[in-house]
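Biologist: I'm new to reading structures, so could you take one small part of this one and go through it closely with me? After that, please carry on to the rest, so I can see how the pieces fit together.

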Amino acid sequence: MDVDVFMNSYQEQMLRLALERHFETERHNFSGRTFKIKTLALFFIDDITSYRKGDDGKKPYILETFERLLKEKLKETISKLSDEESQYKEYLEASLKNIRACHAGYFAQDNSSSDESIAEEVNDILNGKKLLLSFKDKDGNPMLRRFLFSKWTLKEGWDNPNVFTIAKLRSSGSEISKLQEVGRGLRLPVDECGNRISNEEFTLNYIVDFTEADFAKKLVEQINSEIPEAVTLSPEIVQQVALKMGTDATILFVELLTKKYVDLKYNIVPENKDQFFEEYPLFKSGLDSGKVRDRNIKPNVPIKIRKAKFEELRSLWEKLNQRYTIWYESDLNKEIDKALDTILGSGNIFMDRVISSHRDIITSDGEHMSSSSNSGVQYTVNQGLPYGIFIKRISAATNISLEKIHSAICRYSKKYGKLKESYFNEHAISSIIQAFTDWKIEALQGRFKYKRTSSSIGATALTFADGSVRDEIVQGRIGIKMKEGDAPEKYLYDTKAYDSPLELDDIESDIDSDLNGVAEVIVYGKIPRSSIAIPTIAGGTYSPDFMYVVKKANGEKELNIVVETKDVENKSTLRGAEAAKIKCAEIFFKNLSEQGYNVHFRTQLNNKKMLQIVKEVINQ
């Protein structure tokens, strides 16, 4: 049995995979950027003579194999580059002409070596970090070195923020040494100008053989389970997340307040914390769950849309995707003025912002440990916002005119006295918006109608702008969980993706068999997340969960059913904001029916089956 042949073959496959990962990362970090990111790969090997020639003349297998594979990969990558990637092509062509300059090694024996070329390599790795991260030297020549070889974890204290791939061509080593190896690549990278890149998501490719699969699995689970979740937010954090979501920070904050995820002081409501982070994962600090993942596990694949089935519900889908606005039944100017006067005069709006800290002190008497708490420090922030910005932000979130907001503040000042400039702060903005939203939900529910706008439908989650059906949709738009097996033939998609057990039950339910020939479900499917924009009086939009097309056996007009699923026992369990949205949806679909389009909206709670809902609609 030739064990060496097996090992050589196995290491070659690992080298090949490492180069595959490296070049897909390098291309992303190079092409289309104003300031490029130098991409490094780190290889750990078990024998220095497999990379450098020894005194016994042994063939340096890993070196020769690596250079051969690198040459092949360079040619392959160059052939796939577009015309817009000419700079990257030049860089790879320079690498192809000088393969030897692309890699270097550092080993303990190098400290006693008299070879000048080896000494240069070692110096570049250990002391030339700036040059190693550059694409050109001072004379304008390309800096090609980006593949580094070492036996263990390099010299203590060495790291480089731009290591994107780590390949271990040898096993063994303690848990600490393994973590040190991974740590070489868990850094925020810098671009060619030395700027730290903190506003993008980067991935470390960590490649090990089967003997370390358990360690890799534990590492993934450990990092993903130790995600620090904040207990309080700040205006700055909300602003950052709002930018990523493409929305206004004030609107987002009001949304969080309305859903009872945070309070007016930006504290996360403890009992709603899990649901908050599930719905708004961008607020998770540090490594988000799933940021570290095993690339050997098959990734989520796009879900296919069954085009023939879509045609059965095209009419319903196009009706749902038309744009509507809210029209109130009467002039609300006087009521809004009165509401603003009540809100501003509540005594909870205009005040200085007070910031306080909580301090836990842990002490030990040598045998036992104990903790004590105190209030820490507290101080007042006297800096407010410019008045113009203050009222503009309230106007943007509430749709109240600037003139009306200004008039209300003037009435308040006349009654209670001139306001300090510091009172025009973030606290006052969020308090006014939240109070006005609460007033609208209580005072205006049922006093409005929906009117269709003249804007065209355009592209939707399931169709292109010309109305043609898309081939597939991203799984996350349908459901975060997936169950193996074929989806029912009348289901809109070929895959059973869902968010809750109730949704899965709806997908798998065979309603037709219990309808006794009275009616037939023609097609049904989950409505892609946030794809239907029904305006609500609470602000923002609303999108239900399921759509059904049902045809009666007696030839009567087919029924269109839209369903909101809630995995709760009864309506009293629903939060106020959710109940308000559902009430708006009821009015919206009632308006559609009044306009001659037959749509029935129902709310499905946990104690009700879809069959019951369909039967109710049929018998209505």
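Modeller: Sure! Keep in mind that this is a predicted model. Let's start with helix 13, which covers residues 387-398. This helix has twelve residues, and going from its first C-alpha to its last takes you 17 Å. At 1.5 Å a residue you'd expect 16 Å, so the helix comes out close to that.

Next, look at which of its residues are tucked away: F390, I391, I394, S395 and T398 are the buried ones. Try turning the model until you're looking down the axis of helix 13. The buried residues then fall within an arc of 125°, so they line one face of the helix. And what sits over them? The cover includes helix 14, residues 402-416, and helix 15, residues 426-443. Just after helix 13 you run into N399, and its phi is positive, near 65°.

Now let's zoom out for a moment. The chain has 620 residues, and 46% of them are buried. It contains 18 helices and 21 strands. If you take contacts between residues at least 6 apart in sequence, 70% of them join residues at least 24 apart. As for the outside, the chain exposes about 33100 Å², with carbon and sulfur atoms supplying 50% of that area.

On to the strands. A quick bit of background: strands in a sheet pair through backbone hydrogen bonds, and the pairing can be parallel or antiparallel. One sheet to find here is open and made of four strands, in the order 16-19-20-21, with mixed pairing. Its edges are strand 16 (519-526) and strand 21 (599-604), and each of these pairs on one side only. From one strand to the next, the twist averages 25°.

You can see the mixed pairing if you go along the sheet. Strand 16 and strand 19 (residues 546-552) run antiparallel and are joined by seven bridges. Within that pair, V521 stands opposite V550 of strand 19. Two helices pack on this sheet. One is helix 11, residues 307-320, which touches strand 16, strand 19, strand 20 (559-565) and strand 21. The direction of helix 11 makes about 115° with that of strand 19. The other is helix 18, residues 610-619, which also touches strand 16, strand 19, strand 20 and strand 21. Compare the direction of helix 18 with that of strand 20 and you get about 140°.

At the other end of the sheet, strand 20 and strand 21 run parallel, joined by six bridges. Here N560 stands opposite V599 of strand 21. Strand 21 deserves a second look: six of its six residues are buried, so the strand is largely enclosed by the rest of the structure. V599, F601 and T603 point one way from strand 21, while H600, R602 and Q604 point the other way.

Let's go back to helix 11 and pick out K309, which is found there. Ignoring neighbours within four places in sequence, K309 is in contact with E489, K490, Y491, L492, I522 and V523. It's a nice example of the chain folding back on itself in numbering terms: K309 and Y493 are 184 residues apart in sequence, yet their C-alpha atoms are 8.5 Å apart in space.

There's another open sheet to find, this one with five strands in the order 2-3-1-4-5 and parallel pairing. Strand 2 (103-106) and strand 5 (205-207) stand at its edges with a single partner strand each, so one side of each has no neighbour in the sheet. The twist in this sheet averages 15° from one strand to the next. Strand 2 pairs with strand 3 (residues 147-150) in the parallel sense, over four bridges. The bridge partner of A104 in strand 3 is L148. Helix 2 (residues 61-80) packs on this sheet, touching strand 1 (40-44), strand 2 and strand 3. Its direction makes about 165° with that of strand 3.

Finally, find S31, in the loop between helix 1 (3-30) and strand 1. Is S31 buried or partly exposed? Buried means under 20% relative accessible area, and S31 has 21%, so it counts as partly exposed. Leaving out neighbours within four places in sequence, S31 is in contact with E85 and Y88.

Note on methods:
Residues numbered from 1 in each chain as written. Predicted model: local features only at pLDDT ≥ 70, side-chain atom pairs only at ≥ 80, totals over all residues. Heavy atoms only, no water. Expected span 1.5 Å × (residues − 1). Buried < 20%, exposed > 50% of the residue type's maximum accessible area, 1.4 Å probe, protein only. Arc of directions from axis to C-beta. Contact = heavy atoms within 4.5 Å. Pairing = 2+ DSSP bridges. Axes fitted to C-alpha atoms, helices over the stretch in contact; angles between N-to-C directions. Areas by Shrake-Rupley, 256 points an atom, 1.4 Å probe, with all protein chains shown as cover.
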